[in-house]
Amino acid sequence: TLFISTLPKLAVLGFWINIWSTAVYSTSMHNILIFFSALSLIIGALAALGQVNIKRLMAYSSIAHMGFLIMPLCGLGGSSSALITHLLIYIVTSLVVWGLILWPFRRQGSHTENTAQYLWDYVVLAKTHPLAAWTWAIAMMSLAGLPPIAGFLGKLYIFLWSLSYHQYMLIAIGIISSLISSVYYLRLIRIMYIDNKASYSIFQVMDSGTAYLISICIFVLLLLLF
């Protein structure tokens, strides 16, 4: 899922970057991309609101972020710096999120190891694994674009570029999409820190390679903004 959610974006966005200077793009493409960007932002934000499956939630989140990544292409000039900044931060954040999703666990009373499927699998995680809950919180704040995490930097560049090209309607849709998506990003933090449940999941020892990768990416997200 991580492979599908990242590499095709690199390929598609790389293609669009290459045709910015062509006559085809300058005459028609930016108008089409405005429509696709707005539609991705709306669908990604609204469709994820009712999701309780963590992987489906991240899939719809990916759609919304694709809308943000298209925004710098919606003008005649284009902004490779804003696009690439947000894309790199998003990929680093995705590595953290999917590394945590792949963390093996078993439900209370079960002897079978699996991976988390639902948001409530992370209930009371702040009490059982406080460092992991802190890591989840940083990743969710980055996806939501909240400071002081690096995800704020990516969205800030995109909004500033769109503002300079007077794309006020698209900016408004992007801000509304960010506000809506913050609801389900912060919902997971609430489940980990506030909600209580009689039974909870027991997480197993994480693979050392995954743990190192998550640690490196988290430090990048914390330091990149500064």
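## Overall fold

The protein has nine helices and three strands. The model is a predicted one. Read from the N terminus, the order of elements is α-α-α-α-β-β-α-α-α-α-β-α.

The protein holds 226 residues, and 49% of them are buried. The accessible surface is about 10800 Å². Carbon and sulfur atoms account for 71% of that surface. Take the contacts between residues at least 6 apart in sequence: 78% of these link residues at least 24 apart.

## Nonpolar cores

Nonpolar side chains tend to be buried together in soluble globular proteins. Here the largest nonpolar core counts 44 residues. Tyr122, Leu125, Trp136 and Met140 have the most contacts inside it. At least two residues of this core come from each of helix 3 (54–70), helix 4 (80–101), helix 5, helix 6, helix 8 (168–193) and helix 9 (208–223). Helix 6 contributes the most, nine residues.

Tyr122 shows how distant parts of the chain meet. Beyond its neighbours within four places in sequence, Tyr122 contacts Leu100, Ile101, Ala116, Trp136, Leu188, Ile191, Met192 and Phe203. Another core, of 21 residues, lies apart from the largest one. Met66, Phe68, Met71 and Ile171 are among its members.

## Helix 3 against helix 4

The axes of helix 3 and helix 4 are 11 Å apart, and the packing angle is about 175°. Angles over 145 degrees count as roughly antiparallel, so helix 3 and helix 4 are roughly antiparallel to each other.

On the helix 3 side, the meeting residues are Ile54, Lys55, Met58, Ser62, His65, Phe68 and Leu69. Helix 4 meets them with Leu83, His86, Leu87, Tyr90, Val97, Trp98 and Ile101.

## Helix 6 against helix 8

Helix 6 (130–144) also has a partner in helix 8. Their axes come within 9 Å and cross at roughly 170°. By the same cut-off, helix 6 and helix 8 are therefore roughly antiparallel.

Helix 6 brings Pro130, Ala133, Trp134, Trp136, Ala137, Met140, Met141, Leu143 and Ala144 to this contact. Helix 8 brings Ser182, Tyr185, Leu188, Ile189, Met192 and Tyr193. Trp136 and Met140 appear again here; both are listed with the most contacts inside the largest core.

## A buried histidine

His65 sits in helix 3. Is His65 buried or exposed? His65 counts as buried because its relative accessibility is 3%, and the cut-off for buried is under 20%.

A polar atom of the His65 side chain lies 3.3 Å from the backbone oxygen of Leu143. Setting aside residues up to four places away in sequence, His65 touches His86, Tyr90, Leu143, Lys155 and Tyr185. His86 and Tyr90 belong to the helix 4 side of the helix 3 contact. Leu143 and Tyr185 take part in the contact of helix 6 with helix 8.

## Backbone exceptions

Most residues other than glycine have a negative phi, and most peptide bonds are trans. Two sites depart from this pattern. Val124 is not a glycine, yet has a positive phi of about 50°. Val124 lies in the loop between strand 2 (114–115) and helix 5 (125–128). Val124 counts as buried because its relative accessibility is 9%.

The second site is the peptide bond from Pro147 to Pro148, which is cis, with omega near 5°. Where does Pro148 lie? Pro148 is in the loop between helix 6 and helix 7 (151–164).

Key: Residues are numbered from 1 along each chain as its sequence is written. This is a predicted model: local features need pLDDT of at least 70, side-chain atom pairs count only at pLDDT 80 or more; totals for chains, interfaces and linings use all residues. Side-chain values use heavy atoms; hydrogens and water are left out. Helices (H or I, at least four residues) and strands (E, at least two) are DSSP runs, numbered from the N terminus. Buried means under 20% relative accessible area, exposed over 50%, partly exposed in between (1.4 Å probe, protein chains only). Contact means heavy atoms within 4.5 Å. Accessible areas come from the Shrake-Rupley method with a 1.4 Å probe; for residues, only the protein chains shown count as cover. A nonpolar core is a set of buried Ala, Val, Leu, Ile, Met, Phe, Trp, Tyr and Cys residues joined through side-chain atoms within 4.5 Å. A polar contact is a pair of N or O atoms within 3.5 Å; within protein, one must be able to donate a hydrogen and the other to accept it, and residues adjacent in sequence count only if both atoms are side-chain atoms. Axes are lines fitted to C-alpha atoms, for helices over the stretch in contact, and angles run from 0 to 180 degrees between N-to-C directions. Angles under 35 degrees count as roughly parallel, over 145 as roughly antiparallel, 65 to 115 as roughly perpendicular and the rest as oblique.
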